[in-house]
Structure formats: C-alpha cells, structure tokens
Amino acid sequence: MTDLHELLTAYWPHIVFTVSTVAGIGAAVHAAMTKRDVRAAIGWVGLTLFSPLFGAAAYFVAGINRIRFTMVSQQRDEAMVYYAREPQAEPVDVVPLTEPQFASLKTLTNCISRFQLLGGNLVQPLDGGDEAYPAMLQAIRGAERTVALQSYIFDHDPIGCEIAEALIEAHRRGVKVRVLIDAVGARYSHPPIVRLLKKNGVPTARFMTNPMGVLRMPYANLRSHRKILVVDGRIGFSGGMNIRAAFVRALSLDQTNRDTHFRYEGPIVAQLQSVFAHDWDFTTKESLTGPDWFHHDLVARGNTAVRCVPSGPDRSINSTHDVLLGALAVAQRHVRIQSPYFLPDQTLIGALATAARRGVRVDIVIPGKNNLRLVDYAMMAQIDQLIRYGCLVWRTSGAFDHSKLLSVDDAWAYTGSSNLDPRSLRLNFELDTEIYDRAIASWISARIDAAIATAKPQTLEALKALPFSKRLRNKIIWLATPYL
C-alpha cells in the first residue's frame with residue numbers, strides 16, 4: 001500500500017494526463033463516428049479535445065444516445081405496432097374531411113409513422129386543467145378493467161393527490177392499474193408521487209432510470225415527455241398537459257397556467273394504448289396484452305381521422321420534424337402555431353420562411369411570460385430570422401400558456417406533447433396526433449386567434465432596440481439551444 005501511495009504521489013500528473021487524454025480522444029472518436037449532425041459532432045469533438053476530462057464527462061452525461069439504431073430499435077418499433085394489432089383498415093379518403101392538398105400529406109405520414117390513419121374517431125378538445133382533469137378523473141373512477149397512465153410530470157400536490165387517490169381506489173376495487181412517470185419528471189415535486197402510489201400497491205415505474213447509478217439517477221436526456229391516459233381500452237386522453245395544480249384555477253387563481261388536452265374514443269385508442277404498453281414493457285419487462293388492455297373491435301364513435309405519431313431518439317427520431325415539414329409544404333392559406341418553447345432548427349425556420357414568402361400567412365404564438373427563462377432568452381435570439389421573411393410572431397398576455405398546437409388551412413391539426421425545440425424534436429420520447437377534421441382544426445385556429453387578439457406583435461425594430469447587453473445575453477444562451 002505504501003509503494004502504491006508513493007507511486008501515485010510521484011506520478012499523479014502523468015496518470016491524470018494519460019487518463020484525460022484517453023478519455024478525451026475516446027469521447028471525440030465516439031462523437032465523430034455516431035453524430036449525424038455535423039455541428040453537434042464538431043462541438044463535442046472540440047469540447048472533448050480542448051477540455052478532455054470535463055468534456056468527456058459532459059459527453060457521457062448529455063451527448064451519448066443510449067437508444068441505438070440497431071435491430072433492437074427495429075424490434076421495439078415492431079413491438080409497438082404489434083401491441084396495437086391493427087387490422088388492415090380501409091384507406092381513409094382525407095379529401096372530404098379536409099382539402100385536396102392534404103392527400104399528399106397523408107401519403108407522407110404513411111411513410112413516417114408506423115401507425116395507420118384511422119377514421120371513425122370522436123375527438124373532444126379540453127381547454128385547460130379545469131376541463132381536462134375532471135374528465136380524466138371521471139374516466140378513472142368509472143374504470144371497470146384497466147387504467148394506463150403515463151406522464152412526464154405527476155406532481156405531489158392537491159390535483160396530483162386527487163388523481164393518485166382515484167388510481168389507488170381503482171386498484172383496490174380490482175382494476176388493473178399501471179402508472180409510468182419519467183425519471184426526471186418524477187423529481188419535480190417532493191416527496192415524489194411515486195412513493196404514494198407504490199405504498200398503496202399501485203404498479204408504478206420510472207422511465208429511463210440509470211441502472212448503473214448507485215442512487216439510480218436519471219439520464220439528463222432520453223426523457224419520456226409523453227402524456228397518455230387510457231381507461232378500459234376504450235377511452236383515451238393525450239396532449240400537452242402534465243398533472244400539476246398550476247393548471248387548476250381554484251388552486252392557482254390568476255396565475256393559472258393554460259394548456260390543451262384531448263379526449264379520444266374510437267379506433268385511435270388502440271394506438272394510444274399501444275404506445276403506453278410499449279413504453280411499459282421497455283421499462284418493466286411486463287407485457288400488457290389481452291382484451292382487458294386492448295379492444296380490437298373498437299367501433300366508430302365519430303367522423304374524425306386520427307393517427308398517432310410517436311417520436312424519440314431511436315429509429316423515429318425525425319418523425320415529428322418530417323411531418324411538420326410536410327404540413328408546411330402543403331399549406332396554401334394559413335398556418336397557426338402555438339408553442340411554449342419555440343426553438344426550431346434551421347430547416348424548420350427555412351420551411352416557415354418559405355411558406356410565408358409564397359403568400360401563406362404564418363402566425364407563431366409564444367408566451368409573454370415563460371416558466372423557463374433561459375429558453376425565453378434563446379427564443380428571442382432567433383425569432384428575427386422568421387420575422388424578416390414575413391412570419392408574424394406574437395407574445396401572449398396573461399398567464400403562461402403551455403399549449404402545443406398547429407393548424408393548417410383550418411382543415412388539418414397537429415397536437416400532442418412535442419415542443420418545437422431540439423429537446424422535443426431530437427432528445428425526448430414524444431407522442432403527437434395528426435387530425436384530419438375541419439371542426440377540430442377550426443377550434444384550434446380559434447383558440448390561437450383568441451390569444452393573438454390580446455398579444456403583442458414582435459418587430460425587427462423592437463428587437464434591435466434592446467440593449468446590447470440583453471441581445472448578447474440572448475445569443476450566448478442561444479448557443480446552448482440543443483440542450484435547453
């Protein structure tokens with residue numbers, strides 16, 4: 001032991017140099033060989049070579065995509081479709097539901113999503129927690145066989161406890177309940193709601209904990225941002241809402257955050273259940289099959305055509321990104337976008353600018369008050385690229401709005417959990433739905449227009465008038481956009 005101590009004392013600079021060099025070069029080689037975006041590759045290679053120990057550590061935490069593009073990824077994709085067990089449905093003619101240009105968008109999404117576009121669905125928009133949570137509670141309390149709930153954030157607060165108690169009560173009366181919460185999102189409140197659910201026997205799991213960590217710390221990336229509730233395999237909920245008291249007016253008063261969720265009935269519910277079952281199997285190795293979880297005789301409940309579009313840092317990494325590009329390409333009159341975290345990459349910025357320059361009105365609504373200050377700074381650093389080419393950017397008044405909504409020509413809509421930022425488009429597991437229905441698209445358009453009516457337009461002159469210190473701050477924060 002003395003000899004080892006003397007050896008370390010004498011040669012520690014050489015040992016540190018050797019370890020740091022090997023770690024830095026190893027991380028740089030891995031980044032160069034695995035990154036698809038040349039800018040990301042250059043950034044990581046530079047960081048790991050110029051600061052080997054710090055750079056290699058940062059790369060291990062935030063730079064490695066641990067969901068590989070291998071046969072395992074393909075098997076996971078196939079498993080998701082297998083769970084849904086979709087029969088070969090009759091092709092849906094979207095032209096009577098929307099307009100002629102959307103037939104080509106349907107063809108594109110057929111190539112992007114592994115799910116079919118399904119007709120015969122009933123879709124009910126739910127505006128905010130005051131509409132969404134009572135509908136979700138009613139469904140859980142009326143459950144007879146199964147409840148599947150997945151959320152990024154499930155806070156231990158009054159509304160979280162009310163939903164947890166409904167899940168516990170359902171479990172006690174013999175309903176099969178499964179709850180999946182993201183490992184990062186589970187830490188947003190203390191104590192985490194997971195403890196309450198597990199204490200009362202409800203099967204609950206955290207998505208993507210780090211099995212190698214002593215404290216099972218979650219990965220910085222690879223988060224499940226999906227929001228799903230399916231009851232008895234027949235009623236589904238999905239959209240952008242987490243479970244938090246901040247969305248309930250009785251609890252948050254004038255500071256109540258806004259958001260949008262959707263209730264589904266019809267064949268699309270099997271796709272929602274399939275995404276949950278896939279993630280549950282991936283996390284716990286428990287397979288959810290059989291008629292209690294899946295009903296393959298789901299009858300038509302309405303006239304809306306809907307398709308789930310899952311995305312994540314695996315084989316479906318560009319799914320939402322590609323759907324958005326397709327939607328912008330077919331737009332002819334009006335594109336409305338609302339996003340709390342609006343940080344599109346250069347490809348999407350180019351598509352938005354191109355749409356505006358060919359005469360399409362492009363309205364982009366972002367929050368006047370943002371709950372993530374750094375993201376707000378970064379947004380303000382790049383919106384001039386959109387305004388310069390004719391896009392209209394609006395900052396809302398009032399409380400924070402967490403909605404993620406898109407409508408095109410008042411005929412097609414895209415909703416779900418994805419923000420228009422690099423984390424959602426590349427790093428998170430997300431779930432969105434494309435909806436071919438004039439009534440739903442018009443409802444979303446009207447909601448966005450109502451926000452615009454009291455919003456403040458952003459102009460190049462106002463952006464240039466900002467003090468240099470603020471513009472510099474915004475640009476510096478903007479450099480970290482890929483990981484905000």
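Which residues does Tyr 152 touch, not counting residues up to four places away in sequence? I opened the notebook with this query, working on a predicted model.

**Entry 1. Tyr 152**

I first placed Tyr 152 in the loop between S2 and H7. I then listed its contacts beyond four places in sequence: Ile 181, Asp 182, Val 184, Gly 185, Ala 186, Tyr 188, Arg 223, Ser 224, His 225, Arg 226, Lys 227 and Asn 242. I noted a relative accessibility of 6% for Tyr 152, which counts as buried because the cut-off for that class is under 20%. I also looked up a distant partner in sequence: Ser 417 is 265 residues from Tyr 152 along the chain, yet the two C-alpha atoms are 9.5 Å apart in space.

**Entry 2. Asp 155**

I stayed in that loop, since Asp 155 is also found between strand S2 (146-151) and H7. I read 7% relative accessibility for Asp 155, a buried residue. Leaving out residues up to four places away in sequence, I found that Asp 155 touches Gly 160, Cys 161, Tyr 188, Ser 189, Ile 193, Ile 243 and Arg 244. Tyr 188 had already appeared in the list for Tyr 152. For Asp 155 and Asn 242, I recorded a C-alpha separation of 8.4 Å across 87 residues of chain. Asn 242 is itself one of the residues that Tyr 152 touches.

**Entry 3. The whole chain**

I next took the totals for the protein chain. I counted 18 helices and 15 strands. Of the 484 residues, 56% are buried. Among contacts with a separation of 6 or more, I attributed 81% to residues 24 or more positions apart. I recorded an accessible surface of about 21200 Å², with 60% of it belonging to carbon and sulfur atoms.

**Entry 4. H6 and H7**

How do the axes of helix H6 and helix H7 cross? I found that the axes of H6 (residues 129-141) and H7 (residues 158-172) come within 9 Å and cross at roughly 15°. H6 is therefore roughly parallel to H7, as the angle falls under 35 degrees. I logged the crossing as left-handed. On the H6 side, I listed Tyr 133, Leu 137, Ile 140 and Arg 141; these meet Ile 159, Glu 162, Ile 163, Ala 166, Leu 167 and Ala 170 of H7. I sorted this contact by class into 8 nonpolar residues, no polar ones and 2 charged ones.

**Entry 5. H5 and H11**

I ran the same kind of query on helix H5 (residues 102-112) and helix H11 (residues 319-330), whose axes come within 9 Å and cross at roughly 165°. H5 and H11 are therefore roughly antiparallel to each other, because the angle is over 145 degrees. I logged a right-handed crossing for H5 and H11. From H5, I listed Phe 102, Ser 104, Leu 105, Leu 108, Thr 109 and Ile 112 in the contact; from H11, Ser 319, Asp 322, Val 323, Gly 326, Ala 327 and Val 330. By class, I obtained 7 nonpolar, 4 polar and 1 charged residues for the contact of H5 with H11.

**Entry 6. Backbone exceptions**

I then turned to the backbone. Most residues other than glycine have a negative phi, and most peptide bonds are trans.

- I noted a cis peptide bond joining His 190 and Pro 191, with omega about -5°. Pro 191 sits in the loop between strand S3 (176-182) and helix H8 (193-199).
- I noted a positive phi near 55° for Asp 232. I placed Asp 232 in the loop between strand S5 (228-231) and strand S6 (235-239).
- I noted a positive phi near 70° for Lys 285. I placed Lys 285 in the loop between helix H10 (268-284) and strand S8 (304-311).

Is each of these two residues buried or exposed? I found Asp 232 buried, with a relative accessible area of 9%, whereas Lys 285 is exposed, with a relative accessible area of 66%.

**Entry 7. Ser 274**

I closed with Ser 274, which lies in helix H10. I read a relative accessible area of 0% for Ser 274, a buried residue. Ser 274 and Thr 289 are 15 residues apart in sequence, and I recorded 9.5 Å between their C-alpha atoms.

Terms used: Residues numbered from 1 in each chain as written. Predicted model: local features only at pLDDT ≥ 70, side-chain atom pairs only at ≥ 80, totals over all residues. Heavy atoms only, no water. Helix = DSSP H or I, 4+ residues; strand = E, 2+ residues; numbered from the N terminus. Buried < 20%, exposed > 50% of the residue type's maximum accessible area, 1.4 Å probe, protein only. Contact = heavy atoms within 4.5 Å. Areas by Shrake-Rupley, 256 points an atom, 1.4 Å probe, with all protein chains shown as cover. Axes fitted to C-alpha atoms, helices over the stretch in contact; angles between N-to-C directions. Parallel < 35°, antiparallel > 145°, perpendicular 65-115°, else oblique. Left-handed = near helix turned anticlockwise from the far one by under 90°. Nonpolar A, V, L, I, M, F, W, Y, C, P; charged D, E, K, R; others polar.
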